[in-house]
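Me: Could you walk me through this structure, one question at a time?

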2 protein chains.
Amino acid sequence: VTLEDAVRLDAADPLAFARERFRLPECVIYFDGNSLGAMPAATPAALAGTAERQWSDDLIASWNKHGWIDWPTRIAAKLAPIVGADPSELLIADSTSVCLFKLLAAATKARLGRGTIISQKRNFPTDLYVAQGLADMLGLRVKAVEPDEVEGAIDADTAVVTLTHVDYRSAAFYDMRAVTDAARATGALVVWDLSHSAGAIELDLGGSGAELAIGCGYKYLNGGPGAPAFLYVARHLQEELQSPLQGWMGHAEPFAFVDDYRPADGILKFLTGTPSILALAALEAGLDTFEGIPMRDLAAKSRSLSQLFVEDVEARCGDEVRLASPRDPAQRGSHVVFAHPEGYSVMQALIARGVIGDFRAPDLMRFGFAPLYNTHAEMLRAAEILADILSSREWDQPRFHARAKVT
Amino acid sequence: VTLEDAVRLDAADPLAFARERFRLPECVIYFDGNSLGAMPAATPAALAGTAERQWSDDLIASWNKHGWIDWPTRIAAKLAPIVGADPSELLIADSTSVCLFKLLAAATKARLGRGTIISQKRNFPTDLYVAQGLADMLGLRVKAVEPDEVEGAIDADTAVVTLTHVDYRSAAFYDMRAVTDAARATGALVVWDLSHSAGAIELDLGGSGAELAIGCGYKYLNGGPGAPAFLYVARHLQEELQSPLQGWMGHAEPFAFVDDYRPADGILKFLTGTPSILALAALEAGLDTFEGIPMRDLAAKSRSLSQLFVEDVEARCGDEVRLASPRDPAQRGSHVVFAHPEGYSVMQALIARGVIGDFRAPDLMRFGFAPLYNTHAEMLRAAEILADILSSREWDQPRFHARAKVT
């Protein structure tokens, strides 16, 4: 594949127009949208408008006048086509970790008497920490197993299974339907973490029978650093489940100011405290970057990009790197991982050359592809720079070995 | 007191300069900074800079380059002089409700075997809901008593007492030292909700022996709608207490990505998920409106404002309204409440005339005074408009009787 071929692919890309929806720095190839999505071009105006024409001008009246009170559901509705759910099953709230705590606690309460939370070894760390914290509170145990042992580990003592759908390291993903069916067969619930799935691959929460899910707003959804998270509760569970994080926003009558909690109907009961309206405005601008884009097309472009990158890296770098993601693009999310014994330093050298990915211990270089703004030409250019860095040992400099506080 | 007197008081006000730190709409007298503080003039630039010169330009590298990782503590340090605590005892995180859940859960765990959470009847609703949710999870009970019964209700079964320091309705406040001492005498902990205190009155958490507290960022602290909250854990409890909401930001080594949770040292262990950096930027602009302002001066101005308002309203309106706050300004926070049987409609009529307070059932009109931007002249003008509305029965119109969704 030559650069001309890649440019032709980009010219024929039906999603090429979407790159204009972002403000990307020049001379940078950004492959870390799986950690922090790029800024949408509309975000500054969304923030300024919310601050200057709503908060500043209309002050407290904005809650009614600008409908702030409904933003957690109004904005969640924009997520519905991205994850394949009904708008009434989605809510924007809190952080990913707090949303996970809510749904795990609700699930374990609904399955009282069962003593086990099943998860995966090397799951995204915060997911394990949240499960451990809850288990510690309630006297449950967390059993973390290998990915291929999950279905077999589910038994009559399993209250809930919690898994990250697309693995943040390898990009391999679970069969959502198979795990859900295995859990339902024993009466257990499953909470999916969609942080590395939503906005990256085609999802069909409704069609796959998924019952509970949470996810991150600041990765592929482009909601800004630390954006509010989302949670999903299938309609048929909304009556039964009860969030333990009972706050006034989830009360049936939040403005009655009564002493006793009475949960709101439907998904609203999973709200807790007052959400940051400014953060919601930015998240909305992020979700709007998906407007009018079929997730099938987005997923197809993701596979086309990542496959080109994998092939070109392997052609140029040979045995120096090892693909640590599934080889079949239909079996992975929208990022690709290559292992190299000096992966940390190699990644720093790449960043210094304007190719921004990230590193995960012990030896994994992650390259995340955002089909809304990455191009085929970038795949070739990045592979070329990587090959150059490896062949010249450019990475072997003190400045590339020094560990930053945040990696 | 004439308008000329009030103007003279404003001319002599050592805090008068602070009004320039806010962008307030013209022709509005804003007395609802106790619900949503006005927008600081610096906020739009803070948001734009964070979005456009940090997130957009530096992308993921911003976590190191702009020190985002330290913002929850860096910004909390600006709160330290406002609440009288050491910076190492404060953290910005989550919502007020979630912070309260964390500290109540940490406190009940540290007092395992004790079965009661004591609170106040008619406490701020979310505080009771959070306590009830936690109690339900852990098999504890919430005992809500009258304010003057709190100290007597604390006994050997009390795990934790949770009170709103300044009552959101009456503005009366608890003696922080007396309640803390009563609790400590039995081994119980106290979690103070400072939502209607922080930035409104002089606080000395350290000096009063307070051990745990949380509070709101969007009222007197001017952090913007739904701003992140804060929590306070006295140094001597930081080792013993453990947050049940264990997330990766509170891990000792968040970037080691290990499977097992190990809490960070000190206050950092109370972090959970990734905070919204945009919301933190706005909160910082809010806290910066207090820069260089001694809380003693601020509290003195608060008393001067509210006393003028009370006296002028009573002089003009006579028996038509009833003061529902303590008469002694030294016994109340920075808002004042008058009861009127048609309080809802009277408040709507006031708002239509540009005097923005709020209403709390059943009959309470709240007027919150922000010493950073309210003036003595506004007190007289608002009292005059209120008297006019009452004497003319201007409030008795269908448009003022219709209830809005958010009140």
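The questions and answers below go from confidence to the interface and then to the backbone.

Me: Happy to start with the basics: what average pLDDT does chain A have?
Reply: This is a predicted model, in which local features need pLDDT of at least 70, side-chain atom pairs count only at pLDDT 80 or more, and totals for chains, interfaces and linings use all residues. Residues are numbered from 1 along each chain as its sequence is written, chains are lettered from A and ligands numbered from 1 in the order in which they are written, and side-chain values use heavy atoms, leaving out hydrogens and water. The predictor gives the complex an ipTM of 0.98 and a pTM of 0.98. On pLDDT, the predictor's confidence in each residue from 0 to 100, 100% of the residues of chain A score at least 70 and the average is 97.

Me: Which kind of axis relates the two copies?
Reply: Superposing by least squares on the C-alpha atoms of residues with pLDDT of at least 70 in both copies, chain A can be laid on chain B with an RMSD of 0.0 Å. The operation is a turn of 180° with a shift of 0.0 Å along the axis. The copies are therefore related as by a two-fold rotation axis.

Me: Which residue of chain A has the C-alpha nearest that axis?
Reply: The C-alpha in question is 2.9 Å from the axis. It belongs to A:Ala279.

Me: How much area do chain A and chain B bury between them?
Reply: Counting contact as heavy atoms within 4.5 Å, 83 residues of chain A touch 83 residues of chain B. The copies meet through the same surface, because 100% of the interface residues of chain A are also interface residues in chain B. Buried area is the accessible area (1.4 Å probe) that two parts lose on being put together, summed over both. Carbon and sulfur atoms carry 66% of the total, which is about 7100 Å².

Me: Which three residues supply more of the area that chain A buries than any other three?
Reply: Together they supply 12% of the area that chain A buries against chain B. They are A:Trp55, A:Tyr129 and A:Phe257.

Me: How many salt bridges are there between chain A and chain B?
Reply: A salt bridge here is a side-chain nitrogen of Lys or Arg within 4 Å of a carboxyl oxygen of Asp or Glu. A:Lys405 meets B:Asp70 in one at 2.7 Å, N to O, and A:Asp136 meets B:Lys109 in another at 2.6 Å, N to O. A:Asp136 lies in helix α7 of chain A and B:Lys109 in helix α6 (residues 96-110) of chain B, so this pair joins two chains. Over all chains the search finds 52 salt bridges, while the count between chain A and chain B is six.

Me: Where in the chain is A:Pro362, which follows a cis peptide bond from A:Ala361?
Reply: Most peptide bonds are trans. The bond joining A:Ala361 and A:Pro362 is cis, with omega about 5°. Helices (H or I, at least four residues) and strands (E, at least two) are DSSP runs, numbered from the N terminus. By that numbering, A:Pro362 lies in the loop between β12 (358-360) and β13 (364-368) of chain A.

Me: What is the phi of B:Asn222?
Reply: B:Asn222 sits in the loop between β7 (212-215) and β8 (229-233) of chain B. Although B:Asn222 is not a glycine, its phi is positive, at about 65°.
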